[in-house]
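Please consider the sequence and the three-dimensional structure shown here. The explanation below is intended to be read alongside them.

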Amino acid sequence: MIVEAQVTINGSKAAVWAAITDIANAAEIIGGIEKIEVAERPTSGLVGLKWKDTRMLFGKPATVEKWITEAKENEFYKTRAEDSGFVFLTTMRISESAGSVTLTSAHETRPQGFVAQLKSLPMVFFKGMIKKAILQDLNDIKSLVEQRANL
């Protein structure tokens with residue numbers, strides 16, 4: 001299942017990139033994140049950055065370890081997480097057109113094995129809720145970038 005959302009931000013690609021790659025401070029930027037614990041930092045760049053991301057899901061804290069698998073500065077980065085028989089792939093992409101910047105977040109859930117495939121069947125009912133949560137994260141980033149631009 002793939003869920004995608006996007007927002008248009010009044011700011012530069014560099015400013016959006018700075019906000020989305022500030023993983024260590026993501027809990028202060030994105031309201032849906034309770035806590036970030038950086039587990040591993042690469043010697044250079046973003047690829048290999050690994051952290052634990054804690055969010056509230058259905059009223060309970062849920063922590064997942066994520067890591068950046070691919071990145072191109074000021075354009076995109078991809079993350080991977082694995083939990084309970086699922087692989088979660090996320091791409092954060094910045095594009096620019098006619099003087100505006102668009103931030104797109106795409107989340108793909110891949111069940112691994114028969115049991116995970118069975119567990120994934122009801123997920124289609126939560127697709128709207130997942131998209132709403134992704135959009136809220138993007139709007140939190142948008143607010144930060146636009147607020148910084150007006151300082």
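The following paragraphs proceed from an antiparallel set of strands to a contact between distant parts of the sequence, and then to a surface patch.

The structure is a predicted model. A convenient starting point is strand β5, which spans residues 76–83 and contains Thr 79. β5 is joined to strand β6, residues 86–97, by eight bridges, and these two strands run antiparallel. Within this pairing, the residue of β6 that stands opposite Thr 79 is Thr 90. The hairpin of β5 and β6 has two residues between the strands, and Ser 84 adopts a positive phi near 50° there.

Is Thr 79 buried or exposed? Thr 79 has a relative accessibility of 7%, and it counts as buried because this value falls under the 20% limit. Its surroundings can be listed directly: leaving aside residues up to four places away in sequence, Thr 79 touches Trp 51, Trp 67, Ile 68, Thr 69, Phe 88, Leu 89 and Thr 90. Thr 90 is thus named both among these contacts and as the residue opposite Thr 79 in β6.

From β6 the path continues to strand β7, residues 100–111, with which β6 pairs in the antiparallel sense over twelve bridges. Here the bridge partner of Met 92 is Ser 105 in β7. The hairpin of β6 and β7 also has two residues between the strands, and Ala 98 takes a positive phi near 50° in it. β6 therefore counts as paired with both β5 and β7.

Attention now turns to strand β1, residues 2–9, in which Ile 9 lies. With a relative accessibility of 0%, Ile 9 counts as buried. Which residues does Ile 9 touch, not counting those up to four places away in sequence? They are Val 16, Val 101, Leu 103, Lys 142, Val 145 and Glu 146. One of these contacts, Lys 142, is 133 residues from Ile 9 in sequence, yet the C-alpha atoms of Ile 9 and Lys 142 are 5.6 Å apart in space. Lys 142, Val 145 and Glu 146 fall within the residue range of helix α4, 127–149.

Helix α4 also contains Met 129. In contrast to the buried Ile 9, Met 129 is partly exposed, with a relative accessible area of 45%. Together with Leu 57, Phe 58 and Phe 126, Met 129 makes a nonpolar surface patch of about 440 Å².

Terms used: Residues numbered from 1 in each chain as written. Predicted model: local features only at pLDDT ≥ 70, side-chain atom pairs only at ≥ 80, totals over all residues. Heavy atoms only, no water. Helix = DSSP H or I, 4+ residues; strand = E, 2+ residues; numbered from the N terminus. Buried < 20%, exposed > 50% of the residue type's maximum accessible area, 1.4 Å probe, protein only. Contact = heavy atoms within 4.5 Å. Patch = residues over 30% accessible without salt bridge, like charges linked within 9 Å, V, L, I, M, F, W, Y side chains within 5 Å. Areas by Shrake-Rupley, 256 points an atom, 1.4 Å probe, with all protein chains shown as cover. Salt bridge = Lys/Arg side-chain N within 4 Å of Asp/Glu carboxyl O.
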